[in-house]
Amino acid sequence: MDFTLIFENIGIYFTGLQNTVVLVSISLVLGLLLAVPLAVLLNYGNNSIRLPIRAYIYFFRGTPLLVQMFLVYYGFGQFDLIKDSLLWPFFKEAYFCALFAFTLNTGAYTAEILRGAIKATNHGEIEAAMAAGMSKLLMIRRIILPSAFRRALPAYSNEIIFMLHGSALASVITIVDITGAARIINSRYYSPYEAFVTAAVFYMTLTFIIVFLVKKLEVRWFAHLQPQSNNPAIEAPP
Amino acid sequence: MKRLIALAALMVCALMVSTASAKDWSKVRIGVEGAYPPFSYVTPAGELAGFDIDIAKALGEAMGAEVTLVAQDWDGIIPALLAKKYDAIVASMSITEERKQKVAFTNKYYQTPAKFVCKKGTIAEFSRDAIKGKKVGVQRATIHDRYLTDNYGNDVEIKRYGTQDEAYLDLTAGRVDLLLADSVALSDGFLKKPEGADYQFIGPDLSDPKWFGDGAGIAIRKEDTDLVEKFNMAIDKIRSDGTYKTIQDKYFDFNVYGE
């Protein structure tokens, strides 16, 4: 085992780290922005809206991420219609293709997580909102979504981690992410163990940070469910 | 019960003995790539074919060994040899110093230079300045990857692919401006095909032994020195009895063995 070659080439791993973090963050944010309205429409929209959304979710949950990425990257490049269009400058870039596939993929999974969380909203909360005279939109914004987000958080933290690990596939379409960096080092020095163990450490560190942040958020969002031992307002009677 | 355990122990011993002594090389598993036309590719019927494949089979015959071909992606081809997934690699692998630190090589079985390819009319004359800032595609973990990284790493943006076929796709899609690869692979695998009609060679023949080694050889685990000898004898045999020339003429109209 020879880890000096890793330290000599650590720069390439940091380039990879940067690419992984940017790719995953942007696709998670865009995916979430896409998923919220879709999840709401899945619960409250009519059939003509629900059907295409269901088809979209089914396609992205029903096919491997690798296949989706190959479709976007190599598949789209096959059609002159796309190659001559205004979109081509975007789809020409491997980075954009990965972002595009990742966003739609995580969007589909997140929409499904949120759909379930919205469906599980306590009837009492909805009845109370209606009794208070809230319009449907206001009710969704103030009551249903905040409560659904809380319920969805544990499942969504899984999705974040899956997305991080799924992003390793970006390396097959020439992007130098953490895995891409490991593959370059492996191919240059034929040291698969050192190269990929280093990548594993990077991924584990990122996962640790994600788990830590989600935990923080959980404490904050579920504050009302914590035992209120330190609350001076509720003191045991003397 | 005790007899059963004794029997099982005996069988385990027998298994271990048989794997330890099964090195008479009457059966040889050969790792090939399958995505590097015309040397190695998969036919529409799903069968492996190409110069490397025919050479591998001919060498097996010359050695009197039964050959099993194992297709393996390029960037895992040496690790899989070391992990004993097969016993030899016949995959147009250039004999280089770096690889020699991990594996043993036979003598060369062919040698051809490397070259750049670009779209016709995009680069007038090849020079470092002419390709500065361009995107250059190359197959990961090849001598061409290494040459490009060492010589043009700061001048061009290098895109690394798992297979040569993927690199061709991206050249025609306009995602890279140039490719660097083996000249014969480029000419027969791409330029002579309809999708390669708009593309051409550019720049000099590259064959500096520092990067391009001493031709393509067969890689074998270092401890199997007897197998290296067997393959060297087999290469000499097919060279002298005309088998090599028959295979060469099937794919090329020039001398692919080099000097």
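What follows is an informal chat about a predicted model, with its strands, salt bridges and surface.

Me: Before we start, what kind of model is this and what are the ground rules?
Reply: It's a predicted model, where local features need pLDDT of at least 70, side-chain atom pairs count only at pLDDT 80 or more, and totals for chains, interfaces and linings use all residues. Residues are numbered from 1 along each chain as its sequence is written, chains are lettered from A and ligands numbered from 1 in the order in which they are written, and side-chain values use heavy atoms, with hydrogens and water left out.

Me: OK, chain B. How many helices and strands are there?
Reply: Chain B has 10 helices and 12 strands. Those are DSSP runs numbered from the N terminus, helices being H or I with at least four residues and strands E with at least two.

Me: And what does its C-alpha trace span?
Reply: About 80 × 45 × 40 Å along the principal axes of chain B.

Me: How much of chain B counts as buried?
Reply: 53% of its 259 residues. Buried means under 20% relative accessible area, exposed is over 50%, and partly exposed is in between, with a 1.4 Å probe and protein chains only.

Me: Let's look at β8(B). Is that strand enclosed or open?
Reply: Strand β8 of chain B, residues 135-139, is largely enclosed by the rest of the structure, because five of its five residues are buried.

Me: Which way do the residues of β8(B) point?
Reply: B:Lys135, B:Gly137 and B:Gln139 point one way, while B:Val136 and B:Val138 point the other way. In a regular strand, side chains alternate between the two faces of the sheet.

Me: Which strands does β8(B) pair with?
Reply: One is β9(B), residues 157-161, which runs parallel to β8(B) and is joined to it by five bridges. Another is β10(B), residues 178-182, also in the parallel sense, over two bridges. Pairing here takes at least two DSSP bridges between the strands.

Me: Any partners I can click on?
Reply: Try B:Lys135, whose bridge partner in β9(B) is B:Glu157. On the β10(B) side, B:Val136 stands opposite B:Leu178 and B:Gly137 stands opposite B:Leu179.

Me: What do β8(B), α5 and β9(B) make?
Reply: With helix α5 of chain B, residues 143-152, they make a right-handed β-α-β unit. Right-handed means that, with the strands pointing away from the viewer, the path from the first strand over the helix to the second runs clockwise.

Me: Back to β10(B). Is it covered or open, and how does it run against β7(B)?
Reply: β10(B) is mostly covered, with five of its five residues buried. It runs antiparallel to β7(B), and five bridges join them. B:Cys118 stands opposite B:Leu178 there.

Me: How accessible is B:Cys118?
Reply: B:Cys118 is buried, at 0% relative accessible area. In chain A, A:Cys97 is buried too, at 0%.

Me: How many disulfides are there?
Reply: Zero over all chains, where a disulfide is a pair of cysteine sulfur atoms within 2.5 Å.

Me: Switching topic: how many salt bridges?
Reply: 21 over all chains. The criterion is a side-chain nitrogen of Lys or Arg within 4 Å of a carboxyl oxygen of Asp or Glu.

Me: Where's a good one to look at?
Reply: B:Arg221 and B:Asp87 meet at 3.1 Å, N to O. B:Arg221 sits in the loop between β12 and α9 of chain B and B:Asp87 in the loop between α3 and β5, so the pair ties together parts 134 residues apart in sequence. B:Arg221 is buried at 3%, and B:Asp87 is buried at 5%.

Me: Got another pair?
Reply: B:Asp155 and B:Lys132 form a salt bridge at 3.2 Å, N to O. B:Asp155 is in the loop between α5 and β9 of chain B and B:Lys132 in the loop between β7 and β8, 23 residues apart. B:Asp155 is buried at 14%, whereas B:Lys132 is partly exposed at 49%.

Me: Last one, chain A. Which residues make the nonpolar surface patch?
Reply: A:Val22, A:Ile26, A:Val29, A:Leu30 and A:Leu33, about 410 Å². Patch residues have over 30% relative accessible area and no salt bridge, with like charges joined within 9 Å and nonpolar side chains (Val, Leu, Ile, Met, Phe, Trp, Tyr) within 5 Å; areas come from the Shrake-Rupley method with a 1.4 Å probe, and for residues only the protein chains shown count as cover. A:Ile26 is in helix α2 of chain A, residues 10-44, and is partly exposed at 35%.
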